[in-house]
Amino acid sequence: MNSKKLRIVLNDDIYLVKDIKEKLLENGGYCPCKLIKSTDTKCICKEFREQKTPGFCHCGLYKKVWVISKEDN
């Protein structure tokens, strides 16, 4: 039986990833798109971790994609 699961992957755009990672370092590891620094906005932010649909995080560093995995029964 196959099952679909959401998986977090890095954005394919290496230039965007480089820029965002630099901003994360400058910002102490907090999402550069968020105004408030809290445990909820530490990268990978809570909002994205709890996201139940495929798509990008707010800053675009990560995306969630469907993957099909085989379950052994």
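In the hairpin formed by β2 and β3, 5 residues lie between the strands, and Gly-60 adopts a positive phi near 90°. The model under discussion is predicted, and the values reported below are computed from it.

The two strands of this hairpin, β2 and β3 (residues 62-70), run antiparallel and are joined by 2 bridges. Gly-55 has Lys-64 as its bridge partner in β3, and Phe-56 stands opposite Lys-63 of β3. Strand β3 also pairs with β1, again in the antiparallel sense, over 9 bridges. Within that pairing, Val-9 is placed opposite Lys-63 of β3. Lys-63 therefore faces Val-9 and Phe-56, in keeping with the arrangement of the strands, in which β1 and β2 each have a single partner strand.

Taken together, the strands form an open sheet of 3 strands in the order β1-β3-β2, with antiparallel pairing. The edges are occupied by β1 (2-10) and β2 (55-56); because each has a single partner strand, one side of each is left without a neighbour in the sheet.

The chain as a whole contains 2 helices and 3 strands. Along the sequence these elements follow the pattern β-α-α-β-β. Contacts between residues at least 6 apart in sequence include a share of 56% that join residues at least 24 apart.

The overall dimensions were examined next. The radius of gyration of the chain is 14 Å, whereas a compact globule of 73 residues would have a value near 11 Å. The C-alpha trace spans about 45 × 25 × 15 Å along its principal axes. Of the 73 residues in the chain, 25% are buried. The accessible surface amounts to about 5,500 Å², and carbon and sulfur atoms account for 55% of this area. With regard to charge, the chain carries 15 positive and 10 negative charges, and the mean positions of the two sets are 3 Å apart.

The loop between α1 (14-26) and α2 (46-49) contains Thr-41. Thr-41 counts as buried because its relative accessibility is 10%, which lies under the 20% limit applied to buried residues. When residues up to four places away in sequence are not counted, Thr-41 touches Tyr-30, Cys-31, Lys-34 and Ile-36. Ile-44 is located in the loop between α1 and α2 as well. The peptide bond that joins Cys-43 and Ile-44 is cis, with omega about -5°.

Helix α1 includes Lys-23. The relative accessible area of Lys-23 is 45%, so this residue is classed as partly exposed; the value falls between the limits of 20% for buried and 50% for exposed residues. Lys-23 and Cys-33 are separated by 10 residues in sequence, and the distance between their C-alpha atoms is 9.6 Å.

Conventions: Residues are numbered from 1 along each chain as its sequence is written. This is a predicted model: local features need pLDDT of at least 70, side-chain atom pairs count only at pLDDT 80 or more; totals for chains, interfaces and linings use all residues. Side-chain values use heavy atoms; hydrogens and water are left out. Helices (H or I, at least four residues) and strands (E, at least two) are DSSP runs, numbered from the N terminus. Buried means under 20% relative accessible area, exposed over 50%, partly exposed in between (1.4 Å probe, protein chains only). Contact means heavy atoms within 4.5 Å. Two strands pair if DSSP finds at least two bridges between them. The radius of gyration is taken over C-alpha atoms; the globule rule is 2.2 Å times the number of residues to the power 0.38. Accessible areas come from the Shrake-Rupley method with a 1.4 Å probe; for residues, only the protein chains shown count as cover. Lys and Arg count as positive and Asp and Glu as negative; His and the chain ends are not counted. The place of a charge is taken as NZ of Lys, CZ of Arg, CG of Asp or CD of Glu.
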